[in-house]
Amino acid sequence: MSPPESESDSEPSTEHAEALPVVAPRLRALRRRAALTLEAAARAAGLSPGYLSRLETGQRQPSLPMLLALARVYGTTVSELLGETGADREAVVRAADMEPTRAGGWTYWQASASGRGIQALRVHVPFGSQGDVVRVHPGEEWLHVLRGRLRLRLGDTTDLLGPGDSAHFDSLTPHRIAAQDADGVELLFVHTLLQSPTATLCLGPTTPSETGETP
């Protein structure tokens with residue numbers, strides 16, 4: 001589940017402001033490492049060049065869907081975008097080391113080691129967040145509902161998933177997810193990472209609504 005949400009001009013909240021100095025230079029450095037121009041990277045991530053520039057200069061706060069989209073474009077992980085470090089190729093991720101990160105209203109915990117071909121996250125999606133934008137992009141996704149109820153639409157089919165239910169699908173199938181209940185939904189989410197930094201990523205509308213959708 002990927003993509004950016006609204007490119008509104010609202011200022012980042014105080015809650016997220018501390019992350020900006022860390023994320024902004026990482027976004028710029030990883031784009032340059034991938035040998036992508038601002039315009040090419042923005043186009044691949046479904047953003048405008050001006051908005052990506054504001055993310056890189058710390059004037060805007062990226063949401064989790066944006067981070068996932070940019071990670072795919074740059075052939076890296078959300079952990080690297082956030083500057084998180086750890087022992088290379090560690091097989092075990094301890095619960096005590098899974099620090100919560102908040103982005104775009106979501107809370108997520110990195111549940112896999114960096115530098116792998118897949119990425120696992122434990123994600124809390126609040127009610128009313130990321131609910132009406134359809135996602136389409138290369139890769140595969142698997143999700144498992146830990147708590148709450150999830151409304152998942154794949155193509156023309158909509159299913160309601162409860163605790164213990166899972167879904168595994170090709171990300172090229174148009175999809176969208178949303179929390180069904182006011183308390184939100186907690187998921188275990190696994191997705192493949194595109195290793196090519198120049199891979200084209202289709203993320204739905206160029207100017208998604210403020211109430212976008214999943215990671």
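This report describes a helix pair and a small sheet in a predicted model.

**The pair α3 and α4**

Two packed helices are described by the angle between their axes and the distance between the axes. For helix α3, which spans residues 38–45, and helix α4, which spans residues 49–56, the angle is about 105° and the axes are 8 Å apart. Because angles from 65 to 115 degrees count as roughly perpendicular, α3 and α4 are described as roughly perpendicular to each other. On the α3 side the contact is made by Leu38, Glu39, Ala41 and Ala42, and these meet Pro49, Leu52, Ser53 and Glu56 of α4. Sorted by character, the residues of this contact comprise five nonpolar, one polar and two charged.

Within α3, Ala42 has a relative accessibility of 0% and therefore counts as buried. When residues up to four places away in sequence are not counted, Ala42 touches Leu47, Ser48, Pro49 and Leu52. One of these partners, Leu52, is 10 residues from Ala42 in sequence, while the C-alpha atoms of the two residues are 6.1 Å apart in space.

Turning to α4 itself, its buried residues are Tyr51, Leu52, Leu55 and Glu56. These residues cover an arc of only 140° around the axis, which means that they lie on the same side of α4. Leu52 and Glu56 are also among the α4 residues that meet α3. After α4 comes Gly58, which has a positive phi, near 80°.

**The sheet β6-β5-β8**

The three strands form an open sheet in the order β6-β5-β8, and the pairing is antiparallel. Since β6 and β8 each have a single partner strand, they stand at the edges, and one side of each is left without a neighbour in the sheet. On average, and with direction ignored, neighbouring strands of this sheet are turned by 15° against each other. The pairing of β5 with β8 is in the antiparallel sense and runs over five bridges; in addition, Leu154 stands opposite His175 of β8.

The strands and their residue ranges are listed below.

| Strand | Residues |
|---|---|
| β5 | 150–154 |
| β6 | 157–161 |
| β8 | 175–179 |

Note on methods. Residues numbered from 1 in each chain as written. Predicted model: local features only at pLDDT ≥ 70, side-chain atom pairs only at ≥ 80, totals over all residues. Heavy atoms only, no water. Axes fitted to C-alpha atoms, helices over the stretch in contact; angles between N-to-C directions. Helix = DSSP H or I, 4+ residues; strand = E, 2+ residues; numbered from the N terminus. Parallel < 35°, antiparallel > 145°, perpendicular 65-115°, else oblique. Contact = heavy atoms within 4.5 Å. Nonpolar A, V, L, I, M, F, W, Y, C, P; charged D, E, K, R; others polar. Pairing = 2+ DSSP bridges. Buried < 20%, exposed > 50% of the residue type's maximum accessible area, 1.4 Å probe, protein only. Arc of directions from axis to C-beta.
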